[in-house]
Amino acid sequence: MKIKSFEDSVKELEDLIEDLEKGDIPLEEAIKKFEAGISLIKYCNKKLDEAERKIEIVLKDDNEVKTAPFHEKDQ
């Protein structure tokens, strides 16, 4: 299995959702797409958790982890 980037996985998930929302695919194919979507969600969540841990390490100060909520206006 080829390792995908987070962004590629999100795009694939969006495409799967679009296909499922159309409602014009056979049930078996819809189930396969749903299963693939669940796998992509798990993968993306894992990648987001890893990124959060990396950010916490960067914010680490004097052996204390300081966490701060992310706000778009902080960008």
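Helices here are DSSP runs of H or I with at least four residues, numbered from the N terminus. The exercises below concern a predicted model.

**Exercise 1. State which helix gives the most to the nonpolar surface patch, and place Ile 41 in relation to it.**

Solution. Begin with the members of the patch, which are Leu 20, Phe 34, Ile 38 and Ile 41, together making a nonpolar surface of about 320 Å². Next, turn to the helices: helix 2, which covers residues 27-58, gives the most to this patch, with three residues. Ile 41 lies in helix 2. Finally, check the exposure of this residue against the cut-offs, by which a residue is buried under 20% relative accessible area, exposed over 50%, and partly exposed in between. Ile 41 has a relative accessible area of 38%, and it is therefore partly exposed.

**Exercise 2. Decide whether Ser 9 is buried or exposed, and list its contacts beyond its neighbours within four places in sequence.**

Solution. First locate the residue: Ser 9 belongs to helix 1, which runs over residues 6-22. Its relative accessible area is 1%, so Ser 9 counts as buried. Then set aside the neighbours within four places in sequence, and the residues in contact with Ser 9 are Lys 4, Leu 40, Tyr 43 and Cys 44.

**Exercise 3. Work out how the buried and exposed residues are arranged around helix 1.**

Solution. Start with the dimensions of the helix, since helix 1 has 17 residues and reaches 25 Å from its first C-alpha to its last, which is close to the 24 Å expected at 1.5 Å a residue. Now list its buried residues, which are Ser 9, Leu 13 and Leu 16. These residues cover an arc of only 60° around the axis, and so they lie on the same side of helix 1. The general geometry helps here, because an α-helix has 3.6 residues a turn and residues three or four places apart therefore point the same way. On the other side of helix 1, the exposed residues are Glu 7, Glu 21 and Lys 22. As a last step, ask what covers the buried residues, and the cover is found to include helix 2. Just after helix 1, Gly 23 takes a positive phi of about 75°.

**Exercise 4. Describe the chain as a whole in terms of its helices, strands and buried residues.**

Solution. Count the elements first: the chain has two helices and zero strands. Then consider burial, for which 11% of the 75 residues count as buried. The accessible surface of the chain comes to about 6,700 Å², and 55% of this belongs to carbon and sulfur atoms. Lastly, among contacts between residues at least 6 apart in sequence, 53% join residues at least 24 apart.

How values were computed:
Residues numbered from 1 in each chain as written. Predicted model: local features only at pLDDT ≥ 70, side-chain atom pairs only at ≥ 80, totals over all residues. Heavy atoms only, no water. Patch = residues over 30% accessible without salt bridge, like charges linked within 9 Å, V, L, I, M, F, W, Y side chains within 5 Å. Areas by Shrake-Rupley, 256 points an atom, 1.4 Å probe, with all protein chains shown as cover. Salt bridge = Lys/Arg side-chain N within 4 Å of Asp/Glu carboxyl O. Buried < 20%, exposed > 50% of the residue type's maximum accessible area, 1.4 Å probe, protein only. Contact = heavy atoms within 4.5 Å. Expected span 1.5 Å × (residues − 1). Arc of directions from axis to C-beta.
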